[in-house]
Amino acid sequence: MRSVALVTGGTRGIGEGISRALADAGYEVVATGLTEAECAAFAPVPAIRTRAMDVTRDDSVMPVFAGLKRLDLLVNCAGTIQRGGREFEIEAFRQTLEVNLVGTMRCCLQARALLAINGGSIINTGSMLTFQGSPFVPGYSASKGGVGQLTKSLAAAWASEGIRVNAIAPGWIETDLTRPLVEDPARSAPILDRTPMKRWGQPADIGGAVVFLASDAARFITGAILPVDGGYLTL
């Protein structure tokens, strides 16, 4: 029987790269998008099926997990949102944490029993701001710092159940959301100058890291936060 992976936010951007990498690695993948329209826009892949799911709502999350007969891997990649200067307003700050951090925990709790059956794993999505602060997006930075500590906490709590919990921390990745930066030499140059590998990352680069962390090759790794950043954090 094929292993089953659920990738939240798996229909676009980094999440899509992860979904496709897992399908190529032999997983049966359930990729979620926020809306039915987002799911419909996903280019069909035989090993990937899509479901609409809002990670901030129990009544949206629970039916998706209830429909799974097996789960070997949960990848939390949904809702890596920023609200810019609005994050200094309490409501926008709260909403950012609700999506990025509380949504991650909500899905982890729903996955726990299924993952324990076959000794599965969870891979959360952090950020460079898991390690650094930001004067511009305090909510996003706080949420991603929280994802890092949540990853370590669940790794310790659920190891006895055979569940490994790790995180990836993407650097600057070329997606539809970052394309305005990629295409603006004045804004892209400082990013590339600080990145030793001198290029933007691709969603497939993140997918490769996820495939590794989910594999038996990483069977003694839990509680880790793996930067996939072209060396950005080394400088």
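Select S121 in this predicted model, where S121 has a relative accessibility of 3% and therefore counts as buried, the cut-off being under 20%. S121 belongs to strand β5, which covers residues 121-125. If you display the residues around it, leaving aside those up to four places away in sequence, you will find S121 touching D72, L73, L74, L115, I163, R164 and A214.

Extend the selection to the whole of β5, a strand that is mostly covered, with five of its five residues buried. The side to which each residue points can be followed along the strand: S121, I123 and T125 point one way, I122 and N124 point the other way, and all are buried.

Next, add the strands that pair with β5. Strand β4, residues 73-76, pairs with β5 in the parallel sense over four bridges, and within this pairing V75 has I123 as its bridge partner in β5. Strand β6, residues 164-170, also pairs with β5 in the parallel sense, here over five bridges, and the bridge partner of I123 in β6 is N166. I123 is therefore a useful residue to keep labelled, being the bridge partner of V75 and of N166, as well as one of the buried residues of β5.

Move now to strand β2, residues 28-33, which is mostly covered, five of its six residues being buried. Strand β1, residues 4-8, runs parallel to β2 and is joined to it by four bridges; to see one position of this pairing, select V7 in β1 and look for A31, which stands opposite in β2.

From the strands, go to A78, which lies in the loop between β4 and α4. With a relative accessible area of 16%, A78 is buried. Beyond residues up to four places away in sequence, A78 touches T8, G9 and V55. A distance drawn from the C-alpha atom of A78 to that of T125 should read 8.5 Å, although the two residues are 47 residues apart along the chain.

Keep A78 selected, for A78 is among the residues that line the largest cavity. Which residues line this cavity? The lining consists of T8, V55, N76, C77, A78, V99, G103, T104 and C107. About 40 Å³ of space lies in this cavity, and the structure holds one cavity of 30 Å³ or more. Helix α4, residues 90-118, gives the most to the lining, with four residues. Sorted by class, the lining has five nonpolar and four polar residues and no charged ones.

C107, one of the residues of that lining, leads to the cysteines. Why does C107 form no disulfide with its closest cysteine? The sulfur of C107 is 7.3 Å from the closest cysteine sulfur, which is in C108, and this is too far for a bond, since a disulfide needs the two sulfur atoms within 2.5 Å. C107 counts as buried because its relative accessibility is 0%. Select C39 as well: its sulfur is 14 Å from the closest cysteine sulfur, in C107, which is also too far for a bond, and C39 counts as buried at 6% relative accessibility. The structure as a whole holds zero disulfides.

Stay with helix α4 and select Q110, which is placed in this helix. Is Q110 buried or partly exposed? At 28% relative accessibility, Q110 counts as partly exposed. Not counting residues up to four places away in sequence, Q110 touches V61, M62 and F65, and its C-alpha atom is separated by 9.6 Å from that of D58, a residue 52 places away along the chain.

Turn next to the second largest pocket, whose volume is about 230 Å³. This pocket is lined by 13 residues, and those nearest its centre are G119, G120, R164, A214 and S215. R164 and A214 will be familiar from the start of the tour, where they appeared among the contacts of S121. By class, the lining of this pocket has three nonpolar, seven polar and three charged residues.

Finish at K198, in the loop between α7 (185-194) and α8 (203-214). The backbone deserves a look here, as the phi of K198 is near 55°, a positive value in a residue other than glycine. Most residues other than glycine have a negative phi.

Technical notes. Residues are numbered from 1 along each chain as its sequence is written. This is a predicted model: local features need pLDDT of at least 70, side-chain atom pairs count only at pLDDT 80 or more; totals for chains, interfaces and linings use all residues. Side-chain values use heavy atoms; hydrogens and water are left out. Buried means under 20% relative accessible area, exposed over 50%, partly exposed in between (1.4 Å probe, protein chains only). On a 1 Å grid over the protein atoms alone, a cavity is a set of points where a 1.4 Å probe fits but cannot get out, and a pocket is an open set with protein on both sides within 12 Å along at least five of seven lines; lining residues have an atom within 4 Å of a point. Grid points are joined across faces, edges and corners, and a volume is the space filled by probe spheres set on the points. Helices (H or I, at least four residues) and strands (E, at least two) are DSSP runs, numbered from the N terminus. Ala, Val, Leu, Ile, Met, Phe, Trp, Tyr, Cys and Pro count as nonpolar, Asp, Glu, Lys and Arg as charged, and the others, Gly among them, as polar. Contact means heavy atoms within 4.5 Å. Two strands pair if DSSP finds at least two bridges between them.
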